[in-house]
Structure formats: structure tokens, C-alpha cells
Amino acid sequence: DISQALSAIKESKAVFVSRGDDSGTNKKEKLLWKNADIALPDKEKWYVQTGQGMLATINITQEKNGYTMTDRGTYIKYQDQQGGDAPLTVLVEGDDILLNQYSVLTLNPANCPKAKYELALKFSDWMASDAAQKKIGEFRLLGKKLFIPNAK
């Protein structure tokens with residue numbers, strides 16, 4: 001449970017390394033602290049903000065023997081750079097709040113008359129099709145599954 005994990009990090013004052021760059025990942029991390037009823041620890045000594053990208057943040061986390069939050073794709077790249085034997089391992093995953101949802105939306109043709117609405121509908125229908133969902137589920141990055149198809 002991500003809230004329990006963040007509480008344990010706060011209680012033990014273990015190093016937590018944040019991107020601290022207002023990226024989507026950083027915004028999600030802030031939401032996770034809030035969801036765990038923990039004020040953002042941005043002034044705490046154990047909370048390190050890198051202001052850098054995700055791979056750099058993971059490498060700093062490794063150097064500091066700390067914790068961080070990352071996306072699956074960057075972790076797979078990090079693990080590959082470590083020869084498949086990365087010192088940092090995934091401890092928490094699977095909570096609904098951690099889901100990084102990708103969506104296809106079509107625009108209202110009344111609001112966007114120059115948009116190719118019929119083409120957008122065709123693309124949306126294809127993305128939600130069994131064939132496309134199968135391809136998404138089979139997609140691999142460095143041999144590891146990257147996406148979880150969930151079209152509804």
C-alpha cells in the first residue's frame with residue numbers, strides 16, 4: 001500500500017528522492033503524499049529534490065540508498081543499465097492510485113469544426129478494439145511488459 005510505504009519512509013526519516021521538477025511524475029508524487037495525509041516533506045532533510053529527469057533521479061536515489069517513485073519504462077531502462085541486476089527494486093506497485101492512465105478523447109465537432117471527427121472516432125474505436133488492446137499488452141521494452149491494456 002503506497003500510503004503505508006510513505007508513512008514508513010516519513011517515520012524512519014529514510015531518504016526519499018523526488019524529481020522536484022513539477023513534471024507529471026512529480027505532481028503524482030505530491031498527490032500520493034496528500035492522499036497518505038502527510039504534508040509534503042519538502043523542507044525535511046531526508047527529502048531530496050533533484051530538479052532533474054527520472055533516470056538521473058533514480059541514479060541519485062541509488063547513490064543515497066533511498067526511495068523514489070518512478071514510471072515503469074524508466075525503471076526498465078535503469079534496470080537494463082545495471083545489467084539486469086539493479087540495486088534498487090520495486091517495493092510497491094498495483095495500487096489503483098498509481099495507475100498512469102492513457103486515454104483517447106475525441107473533440108466535439110461543434111466546438112472544433114475543422115477537426116477530422118470521423119477519423120478521430122475511427123482511431124478511438126481502433127485503440128479500444130481487441131486487436132489493438134492485444135498489441136498494447138504484448139508491447140515490450142527491453143523484453144519487459146510496459147503497458148496494461150484496459151480499454152472500456
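**View 1. Strands S1 and S3 side by side.** Strand S1, residues 16-18, is joined to S3 by two bridges, and the strands run parallel. Keep in mind for this and every other view that the model is predicted. Pick out Val17 and look across to S3: the bridge partner there is Thr68. Zoom out a little and you get an open sheet of three strands, ordered S2-S1-S3, with parallel pairing. Strand S2 (47-49) and strand S3 (67-68) sit at the edges, each pairing on one side only. Helix H2, residues 24-35, packs on this sheet and touches S1 and S2. The direction of H2 makes about 135° with that of S1.

**View 2. The largest nonpolar core.** Twelve residues make up this core. From the early part of the chain come Ile2, Leu6, Ile9, Ala14 and Phe16. The rest of the set is Leu32, Trp33, Ala36, Ile38, Trp46, Tyr47 and Met69. Which elements give two or more residues to this core? Those are helix H1 (2-12) and H2. H1 provides the largest share, with three residues.

**View 3. Trp46 and its contacts.** Here we stay with one member of the largest nonpolar core, Trp46. Leaving aside residues up to four places away in sequence, Trp46 touches Ile9, Lys10, Lys13, Ala14, Val15, Phe16, Trp33 and Pro41. Several of those names also belong to the core, including Ile9, Ala14, Phe16 and Trp33. Apart from that core lies another, of six residues; among them are Met54, Ile58, Tyr75 and Leu88.

**View 4. Helices H3 and H4 crossing.** If you like your helix pairs as numbers, here they are: two packed helices are described by the angle between their axes and the distance between the axes. Helix H3 (residues 54-64) and helix H4 (residues 72-81) pack at about 55°, and their axes are 10 Å apart. Because of that angle, H3 counts as oblique to H4. Is the crossing of H3 and H4 left-handed or right-handed? The crossing is right-handed. On the H3 side, the residues at the meeting place are Met54, Leu55, Ile58, Asn59 and Gln62. They meet Thr74, Tyr75, Tyr78 and Gln81 from H4.

**View 5. Thr74, a close-up from the H3/H4 pair.** Thr74 is found in helix H4. Is Thr74 buried or exposed? Its relative accessible area is 14%, so Thr74 is buried. Not counting residues up to four places away in sequence, Thr74 touches Met54, Leu55 and Ile58. Met54 and Ile58 also turn up in the core of six residues.

**View 6. Two residues with positive phi.** Most residues other than glycine have a negative phi. Asn65 is not a glycine, yet has a positive phi of about 55°. You will find Asn65 in the loop between H3 and S3. With 68% relative accessibility, Asn65 counts as exposed. Leu142, also a residue other than glycine, has a positive phi near 55°. Leu142 is placed in the loop between strand S4 (140-141) and strand S5 (144-145).

**View 7. Lys135 and Pro149.** Lys135 has its place in helix H6, residues 130-138. Is Lys135 buried or exposed? Lys135 has 55% relative accessibility, so it counts as exposed. Now bring Pro149 into the frame: Lys135 and Pro149 are 14 residues apart in sequence. In space, the separation of Lys135 and Pro149 is 8.8 Å, C-alpha to C-alpha.

Terms used. Residues numbered from 1 in each chain as written. Predicted model: local features only at pLDDT ≥ 70, side-chain atom pairs only at ≥ 80, totals over all residues. Heavy atoms only, no water. Pairing = 2+ DSSP bridges. Helix = DSSP H or I, 4+ residues; strand = E, 2+ residues; numbered from the N terminus. Contact = heavy atoms within 4.5 Å. Axes fitted to C-alpha atoms, helices over the stretch in contact; angles between N-to-C directions. Core = buried A, V, L, I, M, F, W, Y, C linked by side-chain atoms within 4.5 Å. Buried < 20%, exposed > 50% of the residue type's maximum accessible area, 1.4 Å probe, protein only. Parallel < 35°, antiparallel > 145°, perpendicular 65-115°, else oblique. Left-handed = near helix turned anticlockwise from the far one by under 90°.
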